[in-house]
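Please open the model in your viewer and keep the selection panel at hand. The stops below say what to select next and what is there.

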Amino acid sequence: MGTDMGNVTNGNGSTQKRLRVAVTRALPEAVETRMTELFDVELNHEDRKLDRDALVAAMGRADVLVPCVTDRIDAGMLAQAGPGLKLIANYGAGLDHIDVAAAQARGIMVSNTPDVVTEDTADMVMALILSVTRRIPEGLAVMQSGDWQGWAPTAFLGQRLGGKRLGILGMGRVGQAVARRAKAFGLSVHYHNRHRLRPETEAALEATWWESLDQMLSRIDILSINSPHTPATYHLINARRLKLMKPTAVIVNTSRGEVIDENALTRGLRAGQIGGAGLDVFEHGHQINPRLRALPNVVLLPHMGSATVEGRIAMGERVMLNICNFRNGVRPPDMVVPEML
């Protein structure tokens, strides 16, 4: 439902029409309140996921669309957007759910919210690593069921992190934040990235670069996937590469589910080719392979990597900053350019 607040007056005394902003999901109350003050905003109070037709209708009404990762926006939908739509201010850092090239071809700018949830996501990587290697969910399940018979020398034996090798696939903001945390746990940091880090950054992280992903995978004990989903990273971790890894190795993914061939991972885990997995994202969204869910050496989370109060509010503030810059005729600070894709 829209909130019509009329026009606003600039500092120079001229009148400026309030932007029509359509938000596809419910956001933190503080963010929605501030948006209502700044724009003619259409909120989704019921937090109902919009279907394709509803998204197209919103794009027909708005000057700015604020979608989330759950909203797939393709070229066909953009072709039906109204003439007023000039900015898609994504609430999140990932962009694989938006056809950015098609938007830009129609003169629609796209912005995102990079970096604001880097630390939160890196925290979750470590939480998943600890959960899998120290078998925390198994311990919780025994305690909650009331079946614990007391301490035993061989019960719930996991793996010590200190001295293990962590391989980071994708050494961007989150990958580097993971590396900093890993050092504190005594892990040896290795990484594979499209481009090698600057020598001073690499030295500060005490990280070893591998040009060959295959060679890195065969040597590490834990793999943290922190790369975006692009055509080049789709199923980058496939059946062949899984077979290169140690049978005790653990895989953690907090980036995009499509980077892993989920069926191949499930087969590898069931066959004992992989020691365990901690997954916060999945190849087919919320539709999870039931065989994966049944495995005791797998920890599954509902895309919680960036789910902190502070992070969600910071994302909203970044969205509003991008919209305000656009409104004022200034390039949004987080505008996506082709070189970023």
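In which loop is Glu206 found? Select this residue and you will be in the loop between α8 and β10, where helices (H or I, at least four residues) and strands (E, at least two) are DSSP runs, numbered from the N terminus. Before going further, note that this is a predicted model, in which local features need pLDDT of at least 70 and side-chain atom pairs count only at pLDDT 80 or more, while totals for chains, interfaces and linings use all residues. Residues are numbered from 1 along each chain as its sequence is written, and side-chain values use heavy atoms, with hydrogens and water left out.

**Glu206 and Lys183**

Stay on Glu206, whose phi is positive, about 50 degrees, although the residue is not a glycine. Glu206 is exposed, because its relative accessible area is 58%; here buried means under 20% relative accessible area, exposed over 50%, and partly exposed in between, with a 1.4 Å probe and protein chains only. Now add Lys183 to the selection: Glu206 forms a salt bridge with Lys183, and their closest N and O atoms are 3.7 Å apart. The term salt bridge stands for a side-chain nitrogen of Lys or Arg within 4 Å of a carboxyl oxygen of Asp or Glu. Glu206 lies in the loop between α8 (199-205) and β10 (207-209) and Lys183 in helix α7 (residues 173-184), so the pair ties together parts that are 23 residues apart in sequence. Lys183 has 33% relative accessibility and therefore counts as partly exposed.

**Further salt bridges**

A search of the whole structure finds 19 salt bridges, and two further pairs are visited here, followed by a network. Select Arg240 and Asp214, which form a salt bridge with their closest N and O atoms 2.9 Å apart. Arg240 lies in helix α10 (residues 239-242) and Asp214 in helix α9 (residues 213-217), so this pair joins parts that are 26 residues apart in sequence. Arg240 is partly exposed at a relative accessible area of 44%, and Asp214 is partly exposed at 23%. For the network, select Glu119, Asp123, Arg180 and Arg181, which are joined into one network by salt bridges that share partners.

Next, select Glu258 and Arg72, a salt bridge whose closest N and O atoms are 3.8 Å apart. This pair links distant parts of the chain, 186 residues apart, with Glu258 in the loop between β12 (250-253) and α11 (262-270) and Arg72 in the loop between β5 (64-66) and α3 (75-78). Is Glu258 buried or exposed? Glu258 is buried, with a relative accessible area of 11%, whereas Arg72, at 48% relative accessibility, counts as partly exposed.

**Two helices side by side**

Select residues 29-38 and 309-327, which are helix α1 and helix α13; they pack at an angle of about 15 degrees, with their axes 10 Å apart. That angle makes α1 roughly parallel to α13. Axes are lines fitted to C-alpha atoms, for helices over the stretch in contact, and angles run from 0 to 180 degrees between N-to-C directions; angles under 35 degrees count as roughly parallel, over 145 as roughly antiparallel, 65 to 115 as roughly perpendicular and the rest as oblique. The crossing of α1 and α13 is right-handed, a term used if the near helix is turned clockwise from the far one, and left-handed if anticlockwise, by less than a right angle.

**A nonpolar surface patch**

Now select Met143, Trp148, Trp151 and Phe156, which form a nonpolar patch on the surface with about 530 Å² of accessible area together. Patches are made of residues with over 30% relative accessible area and no salt bridge, like charges being joined within 9 Å and nonpolar side chains (Val, Leu, Ile, Met, Phe, Trp, Tyr) within 5 Å. Within this patch, Phe156 is found in the loop between α6 (136-145) and β8 (165-169), and at 35% relative accessibility Phe156 counts as partly exposed.

**Three last loop residues**

Select His235, in the loop between β11 (222-225) and α10. His235 has a positive phi of about 55 degrees although it is not a glycine, and at 18% relative accessibility His235 counts as buried.

Move to Arg18, in the loop between β2 (15-17) and β3 (20-23), which is buried at a relative accessible area of 5%. A distance drawn from the C-alpha atom of Arg18 to that of Thr133, 115 residues apart along the chain, spans 52 Å.

Finish at Gly285, in the loop between β13 (276-279) and α12 (290-293), which counts as partly exposed at 43% relative accessibility. Gly285 and Ser227 are 58 residues apart in sequence and 17 Å apart in space, C-alpha to C-alpha.

Note on methods
Areas by Shrake-Rupley, 256 points an atom, 1.4 Å probe, with all protein chains shown as cover.
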